[in-house]
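Got your viewer open and a selection box ready? Let's walk through this one stop by stop.

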Amino acid sequence: MIKSKLEIRREMRALREAFRDSGESRCALERLTALPEWNAAHTVLLYSSIPGEVDTSELFSEWSETKRLVLPLVVGDDLVLKEYRPGSLVPGYKGILEPSEDAPSVEASDIELVIVPGVAFDSSGRRLGRGKGYYDRLLPRLHCPKVGLAFDWQIVESVPVDEWDVPLDMVVSSTTVF
């Protein structure tokens, strides 16, 4: 039976609220950093995570010296990309960390890899539902590998797909790589 988008969103919200990360984030990040796409990329767009998602905060501290990390930021009506600098993060929507407005800007064409935590994916790597508002505006414009980070419970087998869903090149979970 195919679940509706609303049913999936409700299930995901309940699972996220009940979930306590027990080292699974570290396992998913180790799988991410073993990927050839990660090793080849110098400029990486990273979506910050919220509780219940793979915690990407380690990427800020461990790889900011070897990678140019970029984060999306809404400034007025515009979506801009800002370079991460230590100490530049401020809490934004729902506490998601984002760069301050005075951080250096980055062109979308400079991005070589996109890391996307914390939404439901189907087993072929398609993002499910609208998720964070940045997706619909930004991901289709980025012509580079896109890697989703998920826990196993964030991977859904059967779901309706809409035209705005963005297929990812792969999904890395705490135990499985697609």
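## Start with the sheet

Switch to cartoon and pick out the open sheet: seven strands, in the order S6-S3-S2-S1-S7-S9-S11, with mixed pairing. Keep in mind as you go that this is a predicted model. Now colour strand S6 (105-106) and strand S11 (170-173). Those two stand at the edges with a single partner strand each, so one side of each is left without a neighbour in the sheet.

Next, bring up helix H2 (residues 24-33), which packs on the sheet. Which strands does H2 touch? The answer is S7, strand S9 (146-150) and S11, and the direction of H2 makes about 140° with that of S11.

## Stepping through the strands

Select S1 (43-46) together with strand S7 (residues 113-117). The two run parallel and are joined by three bridges. For a landmark, show Val44, which stands opposite Leu113 in S7.

While you're in S1, click on Thr43, which is also found in that strand. Is Thr43 buried or exposed? With 4% relative accessibility, Thr43 counts as buried. Show what surrounds Thr43: ignoring neighbours within four places in sequence, its contacts are Arg68, Val70, Asp110, Ile111, Glu112 and Leu113.

Now move to strand S2 (residues 68-75), which pairs with S3 in the antiparallel sense over six bridges. Val74 is a good one to label here, as it stands opposite Leu79 in S3. Follow the chain round the hairpin of S2 and S3, where two residues sit between the strands, and stop at Gly76. Plot its backbone torsions if you like: Gly76 takes a positive phi near 65°.

From S3, carry on to S6. These two also run antiparallel, with two bridges joining them. Leu81 stands opposite Val106 in S6.

## Rings and charges

Time for side chains. How many aromatic pairs does the structure hold? There are three. For one of them, select Phe60 and Tyr84: the ring centres are 4.9 Å apart and the planes are at 50°, so the pair is tilted. Zoom out a little and you'll see where the two come from. Phe60 lies in helix H4 (residues 57-63), while Tyr84 is in the loop between strand S3 (78-83) and strand S4 (89-91), so the pair ties together parts 24 residues apart in sequence. Turn on a surface and check both partners: Phe60 counts as buried at 6% relative accessibility, and Tyr84 is buried with a relative accessible area of 12%.

Then select Lys67 and Trp38. The charged end of Lys67 sits over the Trp38 ring, 5.0 Å from the ring centre.

## Cysteines and a loop

Looking for disulfides? How many does the structure hold? Zero. Show two of the cysteines anyway: Cys27 counts as partly exposed at 27% relative accessibility, whereas Cys144, at 12%, counts as buried.

For the last stop, select Pro51, in the loop between strand S1 and H4. Pro51 is exposed, with a relative accessible area of 71%. Put a distance label from its C-alpha to that of Glu107: the two are 29 Å apart in space and 56 residues apart in sequence.

Definitions and conventions: Residues are numbered from 1 along each chain as its sequence is written. This is a predicted model: local features need pLDDT of at least 70, side-chain atom pairs count only at pLDDT 80 or more; totals for chains, interfaces and linings use all residues. Side-chain values use heavy atoms; hydrogens and water are left out. Rings of Phe, Tyr and Trp (its six-membered ring) pair if their centres lie within 6.5 Å; planes under 30 degrees apart count as stacked, over 60 as edge-to-face and the rest as tilted. Helices (H or I, at least four residues) and strands (E, at least two) are DSSP runs, numbered from the N terminus. Buried means under 20% relative accessible area, exposed over 50%, partly exposed in between (1.4 Å probe, protein chains only). A charge sits over a ring if NZ of Lys or CZ of Arg is within 6 Å of the ring centre and within 35 degrees of the ring normal. A disulfide is a pair of cysteine sulfur atoms within 2.5 Å. Two strands pair if DSSP finds at least two bridges between them. Contact means heavy atoms within 4.5 Å. Axes are lines fitted to C-alpha atoms, for helices over the stretch in contact, and angles run from 0 to 180 degrees between N-to-C directions.
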